[in-house]
Amino acid sequence: MIIAIDGPLASGKGTLARALAAHYGLPHLDTGALYRATALQLINKNIEPSNESEAIKAANALDLSLFENPELRSAKTGAGASVVAAFPEVRKALYDFQVNFANQEGGAVLDGRDIGTVICPNADFKFFVVADANERAERRHRELLEKGEEIALETLITQIKERDERDSNRNDAPLTMAKDAHLLDTSGLSIERVIEKACAIIDANR
Ligand code: CDP
């Protein structure tokens with residue numbers, strides 16, 4: 001069973017993906033981490049994420065140790081990820097890894113921006129997770145504070161707007177809901193309730 005989960009920043013897609021993976025005993029891939037690692041590779045070398053040729057080089061020689069680096073989750077790396085993710089050659093470099101992960105025996109859960117549309121168009125279940133913009137900003141603010149990153153809520157709101165805009169309007173694999181995806185609005189809902197709703201959809205149709 002392949003479960004594809006997409007949605008904008010801090011919509012709750014990662015939490016839902018991890019929960020469904022645990023519930024159904026499936027491996028999980030946070031595809032955003034691939035774009036974040038590409039960006040972090042550049043940031044660590046003082047190269048701007050907007051440097052297309054360097055971004056392509058980084059994506060083609062991804063340093064997997066960066067997955068464990070605490071900086072992977074920083075707001076700066078997230079912003080950089082959204083910049084490198086707009087380069088088609090970067091997306092191409094990361095494509096096979098994601099498709100192979102999805103097609104492993106038994107299936108998998110993947111979350112990102114283009115899973116239901118580009119990476120797994122034939123997924124058994126697709127969810128598009130959304131939430132109110134202010135709530136998303138507050139959630140991410142809390143997550144970053146817990147990880148020791150202090151950032152003003154207003155700065156984060158601006159970053160979120162920029163990132164939503166860039167991710168939704170790029171030419172290659174923009175963030176859009178697949179026609180056959182289930183829309184899950186997590187605004188005001190507890191994590192448990194969101195998981196319950198998704199499991200109900202899966203269990204009724206598998
Ligand atoms: O966790 P958060 O919502 O902040 O973002 P993420 O999933 O870690 O992804 C970081 C950035 O990578 C996004 O803003 C996208 O630009 C890009 N991304 C993408 O283009 N396609 C994916 N499948 C996953 C992430």
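Which polar backbone atom lies 3.1 Å from a nitrogen atom of the ligand? The backbone atom belongs to Arg113. The structure is a predicted model. This briefing covers the ligand site, the strand S3 with its neighbours, and the nonpolar cores.

**Ligand site**

- The ligand is surrounded by 18 residues, and those that come nearest are Arg36, Arg91, Arg140, Arg163 and Asp167.
- Arg163 places a polar side-chain atom 2.6 Å from an oxygen atom of the ligand.
- Asp167 likewise has a polar side-chain atom 2.6 Å from a ligand oxygen atom.
- The ligand on its own exposes 530 Å², of which the protein buries 97%.

**Strand S3 and its partners**

- Strand S3 spans residues 108-112, and 5 of its 5 residues are buried, so the strand is largely enclosed by the rest of the structure.
- In a regular strand, side chains alternate between the two faces of the sheet.
- In S3, one side carries Ala108, Leu110 and Gly112, the other carries Val109 and Asp111, and all of these are buried, which leaves both faces covered.
- S1 pairs with S3 in the parallel sense over 5 bridges.
- Within S3, Ala108 stands opposite Ile2.
- Strand S2 (residues 28-30) also runs parallel to S3, and 3 bridges join the two.
- Asp111 in S3 is the bridge partner of Asp30.

**Largest nonpolar core**

- This core has 17 residues, and the members that touch the most others are Ile3, Ile5, Leu16, Leu20 and Phe127.
- At least two residues of the core come from each of strand S1 (2-6), helix H1 (13-24), strand S4 (125-130) and helix H9 (191-205).
- Helix H1 gives the most, with 5 residues.
- Setting aside residues up to four places away in sequence, Leu20 touches Ile3, Ile5, Val109, Phe127, Ala198, Cys199 and Ile202.
- One of these contacts of Leu20 is Val109, a buried residue of S3.

**Second nonpolar core**

- A separate core holds 15 residues, among them Leu34, Ala39, Ala85 and Phe87.

Terms used: Residues are numbered from 1 along each chain as its sequence is written. This is a predicted model: local features need pLDDT of at least 70, side-chain atom pairs count only at pLDDT 80 or more; totals for chains, interfaces and linings use all residues. Side-chain values use heavy atoms; hydrogens and water are left out. A nonpolar core is a set of buried Ala, Val, Leu, Ile, Met, Phe, Trp, Tyr and Cys residues joined through side-chain atoms within 4.5 Å. Buried means under 20% relative accessible area, exposed over 50%, partly exposed in between (1.4 Å probe, protein chains only). Helices (H or I, at least four residues) and strands (E, at least two) are DSSP runs, numbered from the N terminus. Contact means heavy atoms within 4.5 Å. A residue is near a molecule or strand if one of its heavy atoms lies within 4 Å of it. A polar contact is a pair of N or O atoms within 3.5 Å; within protein, one must be able to donate a hydrogen and the other to accept it, and residues adjacent in sequence count only if both atoms are side-chain atoms. Accessible areas come from the Shrake-Rupley method with a 1.4 Å probe; for residues, only the protein chains shown count as cover. Two strands pair if DSSP finds at least two bridges between them.
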